[in-house]
Amino acid sequence: MSRLASFLVFVCALLIARSAAAEVARLAVLVGHNRGEADEANLRYAEADAEKVRDLLLDLGGFKHENVVLMQGEDAVAVRQAIVALNQRIRALPDASRAVLVVYYSGHADAQDLHLGGTRFSIRELEQLVAGSAAAVRLLILDSCRSGALTRVKGGQRASAFAVELDERLVSEGAVVLTSSSANEDAQESDLLKGSFFTHYLVSGALGAADENGDARVSLTEAYRYAYDHTLRASSRTLAGVQHPTFRYDLSGHGEVILTNVDAGDHRRGRLSFPAGSGYLILKGDAEGPVIAEVGPRDQRRVVSVREGRYFIRARGREHLLEGVVEVQAGKVRLVLDDELARIAYARLVRKGTGGLGSVHGAEAGLRVHTALANADSACWGGSAGYAVDYPSVRIALRLGYCRSAFSSENLDASIDELDVEVRLGKALDTPWITLEPFVAVGGGVLWQRFETRRVAPSRSSAAAHVDAGLTARIEVHRNGYLFVDGAVQTYWFRRKDSGENVAPSVGISGTTGLGFWL
């Protein structure tokens, strides 16, 4: 019996040893640096991008905490030492031919060097350190950047671009280099995404959106193709222009390089599933949280893996934005339906400074009335039509109005037609159900008086100017429309064209109610 027990112990030990030998060692150095040279403006998201890649590799890439080195704000000497130390660890492995090395960098650079807080690290030396590693698979990802405005420019010195072939099969041994832009372009980072376009889409794809064949494993080919297509599309709408990620490899073998396994880590991760038709942005916690991933409106695969917890979802429709918070439980799929998200008009997004919009515009029309002026004894009834533009800090509206009032005495009846134009400046204040907008306005126009009398009384006209101060209330209705009502205190000045006589100023109250819609 003791011999049998000894034999079983020996077999178990042998199996454990073989399993350990068969395990792939995955190691990574992830570098993010927001500061470059003294004349380069600080970036906002380079260090956060490195952290996103770290979380991705730990959760779905099969990397262990002790094998991942995250470096934020470190200089060139520290980065060089970290890569050298990791290479030494790989050479000391029992079987380095089963090792995978990932080196990622996000920060300032030019065509020759990485710029790390006033120090420089030669890109040529970096490539040599990665290519010379004993690891079987070596992946170098460069998301290098310069500074700009809302969309900051990231990139290097301009030179000729080279073509990227996407149809060749990635295999299992050798070196791969991914860069966020070709050599004659700038890479870019986005305030809306709170990160660089390239890293954002690379991570989104690796979380499941790039899983084209639905096998729950995202290959390097799938992740790169997804990042390429989406970076190209997103950057085409920026002032800096189109950005083309590049891909270079030197591999041999017979298998795909698997970047992430979406099924991994289900004990603390769940999945978000989205309906077709719209694009969805996923933020951690609330609207101010970090952007986790994105599913584009054209993506075929609409499921992404996320850690359990609370997520803020933002979906862009044709006429409005949908926003809401959902809970994700570990090991479960959370289907996000548009009906459970709150609809927010684009005008509110502009005023909130979210959604990536700088302005919205639209038309409005309504019924108008103001109290009798000095030349009449009845209210002036009519209508108005206008056009408005909403900016984050101010609303500008142009209105054209018409109304008619009357004057009557024992010997004389008169009608007064008024045609005027005004410009309004307002500041909209949004509440959950209604928008209140204090405003001031200046306007001018012409008034025509026509008389009916037993005697001769020729028609006459007057030029008028007015200054208003008032308040508008608006409530959103179906889709992109709104109902509005406003009131204002007006001061009118008149000057009769025929005599040049000035008429005493007239103070009154005006009101308008109507319907508007955003185009």
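How many aromatic pairs does a search of the whole structure find? The search finds five aromatic pairs, and some of the stops on this tour are built around them. Keep in mind throughout that the model on screen is predicted.

**The whole chain**

Begin with the complete protein chain in a cartoon view, where seven helices and 30 strands can be traced. If you colour by accessibility, buried residues account for 49% of the 519 residues in the chain. The accessible surface comes to about 24800 Å², and carbon and sulfur atoms hold 57% of that surface. Among the contacts between residues at least 6 apart in sequence, 66% join residues that are at least 24 apart.

**The aromatic cluster at Y482**

Next, select Y482, F484 and W518 and show their side chains, since ring pairs link these residues into a cluster. The pair formed by Y482 and F484 is tilted, with 6.4 Å from centre to centre and 55 degrees between the planes. Y482 counts as buried because its relative accessibility is 3%, and F484, with a relative accessible area of 4%, is buried as well. Y482 also forms a tilted pair with W518, at 5.4 Å centre to centre and with 40 degrees between the planes. Because Y482 lies in strand β29 (residues 481-496) and W518 in strand β30 (residues 502-518), this pair ties together parts that are 36 residues apart in sequence. Like Y482, W518 is buried.

Before leaving the cluster, add R474 to the selection: the charged end of R474 sits over the ring of Y482, 5.7 Å from the ring centre.

**R424, F439 and A441**

A further arginine and ring can be shown by selecting R424 and F439, where R424 lies over the face of F439 at 4.0 Å from the ring centre. Keep R424 visible and add A441, which is found in strand β27 (residues 435-452). A441 and R424 are 17 residues apart in sequence, yet their C-alpha atoms are 4.3 Å apart in space. Is A441 buried or exposed? A441 is buried, because its relative accessible area is 2%, which falls under the 20% cut-off. Leaving aside residues up to four places away in sequence, A441 touches E422, V423, R424, H466, V467 and D468.

**Strand β18 and its partners**

Now select strand β18 (residues 309-316), which is mostly covered, with six of its eight residues buried. What lies on either hand of it can be followed through the pairing. Strand β15 (residues 279-284) pairs with β18 in the antiparallel sense over six bridges, and within that pairing Y280 stands opposite A315 in β18. Strand β19 (residues 320-328) also pairs with β18 in the antiparallel sense, here over eight bridges, and R316 stands opposite L321 in β19.

**The nonpolar cores**

Which residues have the most contacts inside the largest nonpolar core? They are L139, L178, L272, F274, I282, V304 and I313, in a core of 60 residues. Helix α5 (residues 197-209) gives the most to this core, contributing eight residues. To look into the core from one of these residues, select F274 and display its contacts: not counting residues up to four places away in sequence, F274 touches Y280, I282, V295, R302, V304, I313 and V336. A second core, separate from the one just described, consists of 28 residues, and M71, A109, L114 and A135 are among them.

**Two loops with positive phi**

The last stops concern the backbone. Most residues other than glycine have a negative phi. Select K194, which is found in the loop between β9 (186-190) and β10 (195-196); although K194 is not a glycine, its phi is positive, at about 55 degrees. Then move to A216, in the loop between α5 and β11 (217-219), where the phi is again positive, at about 70 degrees, and the residue is again not a glycine. A216 counts as buried, because its relative accessibility is 7%.

Notes. Residues are numbered from 1 along each chain as its sequence is written. This is a predicted model: local features need pLDDT of at least 70, side-chain atom pairs count only at pLDDT 80 or more; totals for chains, interfaces and linings use all residues. Side-chain values use heavy atoms; hydrogens and water are left out. Buried means under 20% relative accessible area, exposed over 50%, partly exposed in between (1.4 Å probe, protein chains only). Helices (H or I, at least four residues) and strands (E, at least two) are DSSP runs, numbered from the N terminus. Two strands pair if DSSP finds at least two bridges between them. Contact means heavy atoms within 4.5 Å. Accessible areas come from the Shrake-Rupley method with a 1.4 Å probe; for residues, only the protein chains shown count as cover. Rings of Phe, Tyr and Trp (its six-membered ring) pair if their centres lie within 6.5 Å; planes under 30 degrees apart count as stacked, over 60 as edge-to-face and the rest as tilted. A charge sits over a ring if NZ of Lys or CZ of Arg is within 6 Å of the ring centre and within 35 degrees of the ring normal. A nonpolar core is a set of buried Ala, Val, Leu, Ile, Met, Phe, Trp, Tyr and Cys residues joined through side-chain atoms within 4.5 Å.
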